[in-house]
Amino acid sequence: MNPERPLHAVLFDMDGTLVDTEGLWWEAVEQVAGRPLTDADRPDVLGRAVEHTAAWLAAATGADSGELAAELHREFADRVRAGVVPRPGALDLLTALADDGVPTALVTASPRAVADTVVAALTALGAPGFTVTVTADDTATTKPEPEPYLAACAALGVEPARCVAVEDTPTGVASAEAAGCAVLAVPSVTPIAQGPGRTVRESLIGVTPALLTDLTGSQLTVMSWNLWLGGGLVEDFRAKQLAVLRSCGADVVGFQETGQLATQELAAALGWHHHAAGENLGILSRHPIVARLGDPEVGFYGAAGVRIRIDETGREVDVWTAHLHYTPYGPYESAFDGLPADELIAHEEIRLAQMRDTLARIAKEAEEDRSVVLVGDFNAPSHLDWPDVPWPVTKAAEAAGLRDSYREAHPDPAASPGHTWSPIHPVHPEEGPHAGAPEPQDRIDFILHNAHGLRTLASRTLVTGTPSPWPDFAANEWPSDHAAVVTTFAL
C-alpha cells in the first residue's frame, strides 16, 4: 500500500454489492405488488429502504404501508434464507482486507434482521466478519442521505475522506459521496457514470486493498467553524470541540471567534500545527505551516491565512479564515423589516469593504496558480441562494475567481439549503418587537476555493447531537451557535 495515501476503512453496501440479492428483492416486491415490475419501477425499488418501497406500493394500491413493509420483510427474508450468492470477487476482497488489517463496515438500507441473515450466510461461506454494521434501523435517515456512511465512519473512528465505499446503485453512491467517501461503483442493475472521486468497475474481481488505497487519492478536507466566543458558554466546551475535530475528518480548520486561547489549546491537544491571529481568528493544520499570511494583529473582524505544505512533493495550499461584521444583518432586514433588494445591498457596505480587503490580501500573497481556500463566517447570505437579492459579499468573492464548494456539491438551494445560522435559534433570541418570531435560517458560513488544483468532492454542514434551543443550550453536545462546514477537495 502507498503510505502517503492511507486507507482507513472500506465500507460495503450489501444488496447487489456483496451478495446477489437485488434479484431476490425484485422478486419479493413483485410478489407483494401482485404484478411484474418494469424499468419504470426501478427508482422506487432498488437501493431504497423497505419503508420507501412500501409507501410507494401503498400509494398505488391503497393498502396499509405498514402491513406492506412487514410483508416485504417476510418475502425477502424467506428468499435470503433459502440461499444467497456472493457477487464475483466479493469473498476474495473481504479476505484480503482482513489479512491486511483494514477495518470494514456493512452499510445497508435493509433492516437489521435481514442484514444479520445475510452476514450469517457470508460467514458460513468463509467471509470474515465486519467491524461495524449499520442498517436502516440504526439511523434516522437512510440512503441517499449521508447519515448511514457518516455513522459507520463515526463508529470506526475514521475519516470519510480516507475511506472507500463500495456501492452498486446510484442511491448508494449519492449517500457515500455526500458523506465525503471515495466510491468504487460496481453496478448490478442500474448503470452508474464515472464522476469526481468515483471509480466504476464491472465487478469486484481483481479489486485489491492496494487498488482501493489508490482510490482515496490525494485529498484535503477543510472545515470552517465559528466557535461562539471560544465556546465557553457551553459546559465542558474544550472536550466537546476536540471530539468534533477528532471525528470530522478535517485536515485544516479555519476558526472564527476563538476567544484568543482556543487555537493554541486545541493545537496542543491534537499535536497539530497552528496560527492564531489577533483576537478572533485561528487556523489548525495536520500539515506543516510554512508561512503565516496577513496581519497577525488583525482585530475582531478581518482575515488571516497560512500556507501549508501537503506532502513531500512540495505541494502548497494557502488557507485563509475570515470573519465579517455582523450588523446590519440582511436576513433580519428582509424578514422583519421587509426591505427591498436595493436597500439590502446598500447596507452591505461594511462587509463588502472587509471582503474586498480580504481578497486583496489573498491576491497579494498568492503566487500564480497557487491553490487558495477561503473559509469563514461572512454574516451575509449568498447570491447563489437568494434568487431576488444579488448579495454583494459573495458576488465579490465570485468575481475574484472563488467558487462556493457547498453549492458545487449541492447546486439546488431549495433541496439543500445548507443553513449554518442557527442550530440553536429556531426563534429570534433578542428582545424587542421581533422577540419570539421565527428566526431567519440562512447559509452564512462558507468554504470557497479558486479551483487551481482543487476539485470539490463533497461538502456538508456539521452539527453533532441534537442541540437544545436557546436559552437551554449549556449542556449541548454541539458547542456553538453556528453549524460548521466541511468540504473535501481532490488535489
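**Pocket one.** I started with the lining of the largest pocket and sorted it by class: 19 nonpolar, 10 polar and four charged residues. Note to self: this is a predicted model. I then looked up the volume, and about 1000 Å³ of space lies in this largest pocket. Its lining runs to 33 residues, and nearest the centre I find Pro146, Leu150, Arg460, Thr461 and Leu462. Next I checked which elements give two or more residues to that lining, and got α7 (147–156), α8 (170–179), α10 (237–247) and β17 (455–462). Of these, α7 gives the most, with five residues.

**Pocket two.** I moved on to the second largest pocket, where I get about 550 Å³ of space. I count 22 lining residues there, with Tyr326, Tyr332, Trp421, Glu430 and Asp481 closest to the centre. By class I have 12 nonpolar, five polar and five charged residues in this second lining.

**Strand β4.** Back to α8, since I had already met it in the lining of the largest pocket. I found α8 again in a right-handed β-α-β unit, together with β4 and β5. That sent me to β4 itself, residues 163–167, and I see five of its five residues buried. I looked at each face in turn: Cys163, Ala165 and Glu167 are buried on one side, Val164 and Val166 on the other. So what does β4 pair with? I find β1 (residues 9–12) pairing with it in the parallel sense over four bridges, and β5 (residues 182–185) also pairing with it in the parallel sense over four bridges. For the β1 side I noted valine 10 opposite valine 164. For the β5 side I noted alanine 185 as the bridge partner of glutamate 167.

**Cysteines.** How many disulfides does a search of the whole structure find? I get zero. I wanted to know why cysteine 163, the one in β4, stays unbonded. Its closest cysteine sulfur is in cysteine 153, 4.2 Å away, and I need two sulfurs within 2.5 Å, so this is too far for a bond. I also have cysteine 163 as buried, because its relative accessibility is 0% and the cut-off is under 20%. Cysteine 181 was next on my list, and its closest cysteine sulfur is in cysteine 153 as well, at 4.4 Å, too far for a bond. I put cysteine 181 down as buried too, at 6% relative accessibility.

How values were computed. Residues are numbered from 1 along each chain as its sequence is written. This is a predicted model: local features need pLDDT of at least 70, side-chain atom pairs count only at pLDDT 80 or more; totals for chains, interfaces and linings use all residues. Side-chain values use heavy atoms; hydrogens and water are left out. Buried means under 20% relative accessible area, exposed over 50%, partly exposed in between (1.4 Å probe, protein chains only). On a 1 Å grid over the protein atoms alone, a cavity is a set of points where a 1.4 Å probe fits but cannot get out, and a pocket is an open set with protein on both sides within 12 Å along at least five of seven lines; lining residues have an atom within 4 Å of a point. Grid points are joined across faces, edges and corners, and a volume is the space filled by probe spheres set on the points. Ala, Val, Leu, Ile, Met, Phe, Trp, Tyr, Cys and Pro count as nonpolar, Asp, Glu, Lys and Arg as charged, and the others, Gly among them, as polar. Two strands pair if DSSP finds at least two bridges between them. A crossover is right-handed if, with the strands pointing away from the viewer, the path from the first strand over the helix to the second runs clockwise.
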